[in-house]
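Q: Please take a close look at the charged side chains and their salt bridges. Set them in the context of the whole chain.

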Amino acid sequence: MFEMIHTKDDVLAVRIEGKITGEDLAAIVDRLDAAMAANEKVHVYAETQSIDGIEINGLAAHIARAAPLFAKLDRFGRVAVVADQLWIRALARIESALLLHISYRVFKPEDRGAALMWVEGRDV
């Protein structure tokens, strides 16, 4: 299950819980495409809770659709990952080490307010 969080136009903010479906991924990429069409830089806030997997059905189609985003990595600004699970925070830190030009931070759930403020570009 996922929920879009209302925020600034140049921020994709999403809360994800449980199993991630192909429909969830498609909706998130739709919102990302819209944000990129309207803004030079896009910032991302992703909050996860108790993730227990991704549906395999439709995953190949999602990967094919998301692949062109690699050519647009320079359009990403701040990325905040808020996760209650250690393994997700660890993967996010690895990803941040690989994407050096993206300003990336990982937060615990109790710091979600500061994470969203940071992604929106407000002082923390």
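A: What follows goes from the model and its fold to the salt bridges, then to a buried arginine and an aromatic pair.

This is a predicted model, in which local features need pLDDT of at least 70 and side-chain atom pairs count only at pLDDT 80 or more, while totals for chains, interfaces and linings use all residues. Residues are numbered from 1 along each chain as its sequence is written, and side-chain values use heavy atoms, with hydrogens and water left out.

Confidence comes next. pLDDT is the predictor's confidence in each residue, from 0 to 100. The protein chain averages 89, and 97% of the residues score at least 70. Helix H2 (residues 59–66) has the lowest mean pLDDT among the elements, 75, and H4 has the highest, 96.

Now the fold. The protein chain has four helices and five strands. Both are DSSP runs, numbered from the N terminus: helices are H or I with at least four residues, strands are E with at least two. Their order from the N terminus is β-β-α-β-α-β-α-β-α. The radius of gyration, taken over C-alpha atoms, is set against a globule rule of 2.2 Å times the number of residues to the power 0.38. For 124 residues a compact globule would have a value near 14 Å, and the protein chain agrees, at 14 Å. Of the 124 residues, 45% count as buried. Buried means under 20% relative accessible area, exposed over 50%, and partly exposed in between (1.4 Å probe, protein chains only).

The salt bridges number four. Each is a side-chain nitrogen of Lys or Arg within 4 Å of a carboxyl oxygen of Asp or Glu. A network of them links Glu 3, Arg 15, Glu 47 and Arg 112. Within it, Arg 15 meets Glu 47 at 3.5 Å, N to O. This pair links distant parts of the chain: Arg 15 is in strand S2 (residues 11–20), Glu 47 in strand S3 (residues 42–54), 32 residues apart. Arg 112 also bridges to Glu 47, with the closest N and O atoms 2.9 Å apart. Arg 112 lies in helix H4 and Glu 47 in strand S3, so this pair ties together parts 65 residues apart in sequence.

Burial varies across these partners. Glu 47 has 4% relative accessibility, so Glu 47 counts as buried. Arg 15, at 27%, is partly exposed. Arg 112 is partly exposed too, at 37%.

Another bridge joins Glu 120 and Arg 122, at 2.6 Å, N to O. Glu 120 is buried, at 11% relative accessibility. Arg 122 is partly exposed, at 44%.

Arg 89 has no such partner. This residue sits in helix H3 (residues 86–98). Arg 89 is buried yet has no salt bridge; Asp 84, the nearest side chain of opposite charge, is 6.4 Å away. For charge, Lys and Arg count as positive, Asp and Glu as negative; His and the chain ends are not counted. Neighbours within four places in sequence aside, Arg 89 is in contact (heavy atoms within 4.5 Å) with Ala 83, Asp 84, Val 106, Phe 107 and Lys 108.

Phe 107 leads on to the aromatic side chains. There is one aromatic pair. Phe 107 and Trp 118 form it, tilted, at 6.4 Å centre to centre and 50° between the planes. Rings of Phe, Tyr and Trp (its six-membered ring) pair if their centres lie within 6.5 Å; planes under 30 degrees apart count as stacked, over 60 as edge-to-face and the rest as tilted. Both Phe 107 and Trp 118 are buried.
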